[in-house]
Amino acid sequence: MTSSNDASVRAATPYRATGTLKGRTLLMSGGSRGIGLAIALRAARDGANIVLLAKTGEPHPKLEGTVHTAAARLEAAGGRALALVGDVRNDGDVAAAVAAAVEHFGGIDAVINNASAIDLSRTDAVDMKRYDLMQDINVRGTFLLSKLALPALRRSAQRRSAPGNPTPGNPGHAHILTLSPPLNLDPKWAGMHLAYTMAKYGMSLTTLGLAEELKDDGVLVNSLWPCTLIDTAAIRNMPGGDRIVRSARGPEIMADAAHAVLSGGAGAAGPLSGNFYTDEQVLRAAGVDDFRPYSLGAPEEQLVPDIFL
């Protein structure tokens with residue numbers, strides 16, 4: 001299972017990029033820690049502009065990092081950052097984030113739907129406030145951020161495909177990348193945690209629908225999901241979490257995979273749009289054949305598989 005909560009970000013991975021995100025503007029929901037921050041840091045090392053919309057304006061009592069500390073790390077890594085305190089559930093906050101990205105950096109080249117809430121309770125045990133939270137953040141938040149960014153993304157696609165304006169990595173394309181799983185209709189997943197499955201699949205349906213809706217607009221739409229458990233502070237804070245994450249991979253694998261998708265290095269993994277990529281699938285297409293450097297130490301055969309696969 002994945003979360004947008006924090007994890008340590010380590011260096012030295014086997015991924016060798018063929019494209020770059022230099023000068024491109026990414027708008028991300030969440031991203032103050034964990035997988036989202038790792039993806040943003042990888043983009044920042046290219047010299048990307050990153051706009052973070054997150055609720056964590058003040059330190060969390062159990063989780064390290066705020067949107068402001070994340071932005072400082074992005075700039076230290078070589079990128080340009082804009083930290084916005086806001087809630088993806090709030091229409092005004094999302095509209096303001098889109099407007100701020102356009103005003104501050106001149107446009108939006110990619111949207112990353114990273115914000116997500118998780119509750120694996122079974123139906124009779126799930127609190128309806130938690131149900132509503134997952135629907136509001138996961139489904140509605142993904143739909144809303146994608147929807148409001150569409151005019152800017154279309155302008156990005158038009159600008160990048162204009163004659164005499166060659167750009168590295170997916171020339172002519174803007175992108176929406178959502179951290180959500182393949183639409184696996186095996187009843188096992190709905191039966192294990194129906195409320196969460198509905199919320200995550202709602203995110204994936206947004207990918208499916210927008211990829212079709214935008215297929216002639218130069219805006220690519222894809223989802224990305226890890227094959228294994230990813231080390232996050234949220235998991236470490238669970239009972240037995242320090243033991244659990246020893247059978248996980250670090251968030252760098254998702255950061256490298258997202259970079260490959262956004263910079264054009266995932267083309268060999270399938271069509272450009274409408275994919276439900278896994279991190280391994282993308283990185284194999286980018287030339288990675290040894291995933292051991294991403295592990296926290298457990299042998300590959302002992303890593304905990306992620307759900308929905």
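Is F308 buried or exposed? In this predicted model, F308 counts as buried, because its relative accessibility is 1%. The residue is found in the segment after α10, and it is a good place to begin, since both its ring and its backbone deserve a look.

The ring of F308 is paired with that of W225: the two centres lie 5.9 Å apart and the planes meet at 55 degrees, so the pair is tilted. Distant parts of the chain are brought together here, as W225 belongs to strand β6 and F308 to the segment after α10, with their positions 83 residues apart in sequence. W225 also has a relative accessibility of 1% and therefore counts as buried. A pair of aromatic rings is described by the distance of the centres and the angle of the planes. Across the whole structure, a search finds five aromatic pairs. Ring pairs join W225 and F308 with W189, Y196 and Y201 in a cluster.

The backbone of F308 adds a further detail. Its phi is near 75 degrees, a positive value in a residue other than glycine. Most residues other than glycine have a negative phi.

One member of the aromatic cluster, Y196, also takes part in a helix contact, on the α6 side. The axes of α4 and α6 come within 8 Å and cross at roughly 10 degrees. Because angles under 35 degrees count as roughly parallel, α4 is described as roughly parallel to α6. On the α4 side, the contact is made by Y131, M134, Q135, N138, V139, T142, F143 and S146. Their partners in α6 are A195, Y196, M198, A199, K200, G202, M203, T206 and L210. By character, the residues of this contact divide into ten nonpolar, six polar and one charged.

Turning to charged side chains, the structure holds twelve salt bridges. One of them joins D217 and R154, with N and O 2.8 Å apart. This pair links distant parts of the chain, 63 residues apart: D217 sits in the loop between α6 (194–213) and β6 (219–225), and R154 in helix α4 (residues 128–160). D217 has a relative accessible area of 27%, so this residue is partly exposed. R154, at 28% relative accessibility, likewise counts as partly exposed.

A second salt bridge is formed by E280 and R249, whose closest N and O atoms are 2.8 Å apart. E280 lies in helix α10 (residues 279–285) and R249 in the loop between α8 (241–244) and α9 (252–263), so the pair ties together parts that are 31 residues apart in sequence. Both E280 and R249 are buried. The two residues also belong to a wider arrangement, in which R249, E280, R284 and E300 are linked in a network of salt bridges.

The side chains of D87 and R89 meet in a further salt bridge, again with an N to O distance of 2.8 Å. The surroundings of the two partners can be described in turn. D87 is buried, because its relative accessible area is 16% and the limit for that class is under 20%. R89 has a relative accessibility of 30%, so this residue counts as partly exposed.

Methods
Residues numbered from 1 in each chain as written. Predicted model: local features only at pLDDT ≥ 70, side-chain atom pairs only at ≥ 80, totals over all residues. Heavy atoms only, no water. Salt bridge = Lys/Arg side-chain N within 4 Å of Asp/Glu carboxyl O. Buried < 20%, exposed > 50% of the residue type's maximum accessible area, 1.4 Å probe, protein only. Helix = DSSP H or I, 4+ residues; strand = E, 2+ residues; numbered from the N terminus. Phe/Tyr/Trp six-rings, centres within 6.5 Å; stacked < 30°, edge-to-face > 60°. Axes fitted to C-alpha atoms, helices over the stretch in contact; angles between N-to-C directions. Parallel < 35°, antiparallel > 145°, perpendicular 65-115°, else oblique. Contact = heavy atoms within 4.5 Å. Nonpolar A, V, L, I, M, F, W, Y, C, P; charged D, E, K, R; others polar.
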